[in-house]
Number of protein chains: 4
Amino acid sequence: METHGFTFLAHGNTPLANRLRLLISCPDRPGIVAAVSRFLADHEANIVASDQYTMDPDGGLFYLRMEFDVPNLLEAAPRIEQDFVRIAAEFQMEYQLNPAAKKKRIAIFVSKEDHCLLELLWQWRSGAFFADIAMVIGNHPDLRQHAESFDIPYHHVPVTPELKADVERTHLQLLKDANVDLVILARYMQIISPSFIQQYHNRIINIHHSFLPAFVGGNPYKQAYHRGVKIIGATAHYVTEELDAGPIIEQDVQRVNHKNDIDSLKRIGGMIERAVLARAVGWHLEDRILVHGNKTVVFT
Amino acid sequence: METHGFTFLAHGNTPLANRLRLLISCPDRPGIVAAVSRFLADHEANIVASDQYTMDPDGGLFYLRMEFDVPNLLEAAPRIEQDFVRIAAEFQMEYQLNPAAKKKRIAIFVSKEDHCLLELLWQWRSGAFFADIAMVIGNHPDLRQHAESFDIPYHHVPVTPELKADVERTHLQLLKDANVDLVILARYMQIISPSFIQQYHNRIINIHHSFLPAFVGGNPYKQAYHRGVKIIGATAHYVTEELDAGPIIEQDVQRVNHKNDIDSLKRIGGMIERAVLARAVGWHLEDRILVHGNKTVVFT
Amino acid sequence: METHGFTFLAHGNTPLANRLRLLISCPDRPGIVAAVSRFLADHEANIVASDQYTMDPDGGLFYLRMEFDVPNLLEAAPRIEQDFVRIAAEFQMEYQLNPAAKKKRIAIFVSKEDHCLLELLWQWRSGAFFADIAMVIGNHPDLRQHAESFDIPYHHVPVTPELKADVERTHLQLLKDANVDLVILARYMQIISPSFIQQYHNRIINIHHSFLPAFVGGNPYKQAYHRGVKIIGATAHYVTEELDAGPIIEQDVQRVNHKNDIDSLKRIGGMIERAVLARAVGWHLEDRILVHGNKTVVFT
Amino acid sequence: METHGFTFLAHGNTPLANRLRLLISCPDRPGIVAAVSRFLADHEANIVASDQYTMDPDGGLFYLRMEFDVPNLLEAAPRIEQDFVRIAAEFQMEYQLNPAAKKKRIAIFVSKEDHCLLELLWQWRSGAFFADIAMVIGNHPDLRQHAESFDIPYHHVPVTPELKADVERTHLQLLKDANVDLVILARYMQIISPSFIQQYHNRIINIHHSFLPAFVGGNPYKQAYHRGVKIIGATAHYVTEELDAGPIIEQDVQRVNHKNDIDSLKRIGGMIERAVLARAVGWHLEDRILVHGNKTVVFT
């Protein structure tokens, strides 16, 4: 976990203008909450949400998420940031101190399927996501019109085995130029390279169209059909180097039966996928997810 | 909310022996968490769980639940209790400071239906409930054998309109003699009097066999059948003077269809009832429920 | 139930071109299925789906839905229709014999909320609905762009108390001119008059934003918030003269908790509404719904 | 699928005394339903339930389940059975013709976990299962008291690697002596030998404590914990020679989160297991399950 600064703190008078989100993970020991609370009291912070989780009371790890308002945050921020460094050092914390008013910037990767992209665009327009969608990148041209009808730039970057290195360079340049914070693979169906993953560690969300770890890999609905499962699902997870094995953020399922052929499984599954992906994205944007090893702590 | 003392604190070496649960509700203002945390730090408490909720950031109500371990709680308890009085006064708190090792004592009221009683007895025997079941009280003799096979005393207290006052006196005497903390109406099907309710304010849990507020009153499955609903449910709530209108603790539902006649709705509903009631009881026993007005805050 | 003829039977070679759907309700007695099956065998029909339901084996009602393919349906249709009249008379059947290839024609009524409209348009474009959307009618101009971006005509028909009779005349004329079969109230929020309802008996589907019969009438999410329910829902039903009391087609629910304010209930509920409405519309379009009294038999 | 005869047809006047259940699977072609319906009409049968499913309209498989009442079934049975043989031959049917009044006989295999056994015993006593529970067989003595308190014989048959062949002989003799039709592995935790499985082909139901095909094999809750899934499940399936790979009958799931340690996953999972197993057993007892290859068609 890295510390993000206040550079993009929104000026002005949004309701979130004075709000910070603090995420901590550290070895558990007495006094952490007291130290943090004292620090917040000293800065006249008003805590509006607090969640904590100790993995194991005897010598385990401690996770904390706090949302709090600080009067005149813009003025107070440098001192807050500076003072917290001491606490973080004392308790060996990894932490983030994120201004709620700073919009994260999103790039959505797509292929030909439109349902996940449309759900994200639609929820974004309805105000569900406090974020900027900087671009949509597709390896096919099919979804250009969808993106552009929401006034989002669309970049068609075809992918072929020979072009792989070029494609990745193009992708990374596009993301860098637009200050992208979060990459969403909305049924992108292409393998992401290890070097790309490292540069966006725990900031690439994929939607896999099965209830992981069942049906890893290709054609999960076909696999589900042939296994004769009575429930199908979808899984949103952070992308790691091992395929479909990254930390799971959210899953959901729906009941099916023998009447459902592969096409109807795809249709039903598509409804689950878009809902699961949208929830995962929303939680990421609100700094609700802490990753430890290959698992997530989600404070909802 | 009343303050319960440490009288029944378990001596000895259970893993919970040093654990306290603190529940607070008070007007929201800056400094509450800091004050509580400082207090806990001063007593060398190690916080193992913390949940808070502010109903409205601008001038609303604040709810807090903390679980923490204190070295040598038995020795430390009197000073902790004393010191907290000052904080509570400063922030106008209603609060509870409950030793986790103190088992609550339960009385289960039943009529003729066995499924909710059996679920409670069974989960209790499996260790899901840290509590004593002091007695089962039935207005019919039918379920005596069930209670006694779990070594729980069964009191048959017939109810007739003429006997109402006597019945209530008998009930209250039985509860008082056995130091009962929690009354569970496990499909008891009788109206509880206002004076009884007042004596066990927010300590009587009823299971209503519908998804409240739909189908208040008698024969909810018959009502559901005739309305043609596609989903049925059950509701666990604290009992208040208005029938089926008390604070809802937990609800759950299941899908049904036109093929389900009233008998099958009852059978399916019975499964929901027992699960919902068991969850509500578990949360009450772990001090996870705060009541404000006619609603509950459940920290799960 | 009325008999719809073959007038709009699609010419040509769609996979559905030879398929009929037969819906029957009649008093139960031995021999119904045998008579129908013999009739189908005589016409060389190949049954591809069959569902039946008897409300009560002793003297109740019998419901049947069959899908079957007939070679050269267009040629065979008149004789099939004629022959079935005798069977229907013998068993006092109400029935429909609907060619699957005949697209139903839809009018969607909206107000200002876009989520239900967008879901319908989107699923329609994705091929989930075999139907024509003839028009969108709004009492506000807000959603014109949504309709028109799918190339659907939008009629803005403002509603004021004084204009009620004129409005209804306009509505009915629009529907009649476009041969509309099905009216969908996609959060239309206006009362439909009894005479309108009679002309589209069991052909007006409304989405109510609560788990009926809980929270009938206005502001159901506000009602749900104040009652403190732990689950919210939505209900698709045919519109009858009594408000929110028509035959329920489909319901669904989602878990909420004390943290959800009215706005977040609305957001979560909106997701349920669009899914429930889309399922109900799909079943209606596939002739899967039989209405008896105030209840539905849905053969899914 | 084998044909079961009428040998155990209940004499007398139960409501089911005249009811038969017909299950068919055969290659699909026109005329099957007509032939069956004509046959039933000729025998004055009154159809009370009918479900059919065609896997693929063009040359696939056809599945049918019918429940019907025949006047004086006991007298009519031999001729019905005889006449149906011709239809079955004509359409190459595999079929069962089961008298509903014939109680299936169950043996439940257990180890040390009590929740699945108790659920089955309890639902059986409440009338949910129309069956005889002939015995409980345990490889440990722990659950004897549970079985005997329901007046079910308990056989303690210890299992050790050296004794495997003896154990199987003992099991099979016990089942044969008691005319057992259905074997339920209620968390038995032992591998069943191929020869045993062949003798009870599609008549051994196992409950696996995961959402198959995720977490095949041992310790699925531990596997689920380490993978960090957000939903856990259970699967009831017929036992085949490949471990945890037999035809799935029913599955269900429940949401969990990072707070759930392995013990709490086990507790939550146990609730799912018992519900899933009970549903699967109920469907088997009512002849609602048809197996094709490694999948089930469940007519519910």
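The following exchange considers a predicted model, taking its chain pairing, its nonpolar core and one strand residue in turn.

Residues are numbered from 1 along each chain as written, and chains are lettered from A in the order written. Local features need pLDDT of at least 70, side-chain atom pairs count only at pLDDT 80 or more, totals for chains, interfaces and linings use all residues, and side-chain values use heavy atoms, without hydrogens and water.

Colleague: By what turn can chain D be laid on chain A?

Modeller: Copies are superposed by least squares on the C-alpha atoms of residues with pLDDT of at least 70 in both. Chain D then fits chain A with an RMSD of 0.0 Å and a shift of 0.0 Å along the axis, after a turn of 180 degrees. The two copies are thus related as by a two-fold rotation axis.

Colleague: Which residue of chain D has the C-alpha nearest the axis?

Modeller: The C-alpha in question lies 2.3 Å from the axis. The residue is A214(D).

Colleague: Which residues of chain D lose the most area to chain B?

Modeller: Buried area is the accessible area (1.4 Å probe) that two parts lose on being put together, summed over both. Chain D and chain B bury about 1,300 Å² between them, with 43% of it on carbon and sulfur atoms. Three residues together account for 38% of what the chain D side buries: W122(D), R267(D) and R274(D).

Colleague: Which residue of chain B meets E119(D) in a salt bridge?

Modeller: A salt bridge places a side-chain nitrogen of Lys or Arg within 4 Å of a carboxyl oxygen of Asp or Glu. The count between chain D and chain B is two. In one of them, at 2.6 Å from N to O, the partner of E119(D) is R274(B).

Colleague: Which residues touch the most other members of the largest nonpolar core?

Modeller: Such a core is a set of buried (under 20% relative accessible area, 1.4 Å probe, protein chains only) Ala, Val, Leu, Ile, Met, Phe, Trp, Tyr and Cys residues joined through side-chain atoms within 4.5 Å. The largest has 189 residues. Those touching the most other members are I108(A), I108(B), I108(C) and I108(D).

Colleague: Which residue of chain C does Q254(A) touch?

Modeller: Q254(A) belongs to strand β11 (residues 248-255; a DSSP run of E, at least two residues, numbered from the N terminus). Its 34% relative accessibility makes Q254(A) partly exposed (between 20% and 50%). Among its contacts (heavy atoms within 4.5 Å), not counting residues up to four places away in sequence, are I231(A), I268(A) and, from chain C, R279(C).

Conventions:
Helix = DSSP H or I, 4+ residues; strand = E, 2+ residues; numbered from the N terminus.
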